[in-house]
Amino acid sequence: MQVTMTVNGVEYTREIEGRMLLVHFLRDVLGLTGTHWGCDTSNCGVCVVWMDGEPVKSCTVLAAMAGGREVRTVEGLANGAELDPIQEGFRQCHGLQCGFCTPGMLMTCRALLDKNPDPTEGEIREAISGQICRCTGYSSIIRSVRWTAVHEAKAKEEVAQA
Ligand code: FES
Ligand code: FES
């Protein structure tokens, strides 16, 4: 079957098998290997991407179901050479060690901050509760999200005063 979807602003049409999962379409067909594949049982969250602006676990979505939709992956976060503030937050606060969970964490945390620009620690923990980090123990991830929230608020204030 043929599927057409927009990924990070670019439209792709490809021939696929109907049973192909979105995570495999992104990684193996489009070569967007920033989205990771960890468990295949909807437990680890490393495969999170956005579909029409909502985070989804791409190992639970058929590529065919993304037909006609807008998909955003971790490759679509930065604006050219400029990191998204959530990427900068992870960089500043050591929100990653091995980096395996990081693409999914970034997509989930970006979605959280877009909905709730000033999340509490509890709200951050709840937002990432569907995702497993094998390395950091989560506190540096939470610090990274808080760093981003504070810096985005400051940047907005500066724009308003300019
Ligand atoms: S690979 Fe999708 S949740 Fe683990
Ligand atoms: S940084 Fe290693 S799994 Fe999260």
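Which residues does S58 touch, not counting residues up to four places away in sequence? Select S58 in this predicted model and look in the loop between β4 (54–57) and β5 (70–72), where S58 lies. With neighbours up to four places away in sequence set aside, S58 touches L21, L22, V23, T35, C47 and V49. S58 has a relative accessible area of 0%, and because buried means under 20%, this residue counts as buried.

Next, select I86, F90, M105 and V145, which touch the most other members of the largest nonpolar core, a set of 23 residues. Colouring by secondary structure helps here, since β3 (48–51), α2 (85–92), α3 (102–115) and α5 (139–161) each supply at least two residues of this core, and the largest share, 7 residues, comes from α3. Domain 1 (2–76) and domain 2 (85–161) both contribute residues, so this core lies between them.

Stay with F90 and display its contacts: leaving aside neighbours within four places in sequence, F90 is in contact with G95, L96, T102, M105, L106, C109, I141, S144 and V145. Then move to a second, separate core of 16 residues, whose members include V3, M5, F25 and L32.

For the last stop, turn to empty space: a search of the whole structure finds 1 cavity of 30 Å³ or more, and the largest cavity has a volume of about 50 Å³. To frame the largest cavity, select its lining, which consists of G95, L96, Q97, C98, G99, F100, C101, T102, C133, R134, C135 and T136; by class, this lining has 6 nonpolar, 5 polar and 1 charged residues.

Key: Residues numbered from 1 in each chain as written. Chains lettered and ligands numbered in written order. Predicted model: local features only at pLDDT ≥ 70, side-chain atom pairs only at ≥ 80, totals over all residues. Heavy atoms only, no water. Core = buried A, V, L, I, M, F, W, Y, C linked by side-chain atoms within 4.5 Å. Buried < 20%, exposed > 50% of the residue type's maximum accessible area, 1.4 Å probe, protein only. Helix = DSSP H or I, 4+ residues; strand = E, 2+ residues; numbered from the N terminus. Domains from an automatic or database assignment. Contact = heavy atoms within 4.5 Å. 1 Å grid on protein atoms, 1.4 Å probe; cavity = no way out; pocket = protein on both sides within 12 Å on 5 of 7 lines; lining within 4 Å. Points joined across faces, edges and corners; volume = space filled by probe spheres on them. Nonpolar A, V, L, I, M, F, W, Y, C, P; charged D, E, K, R; others polar.
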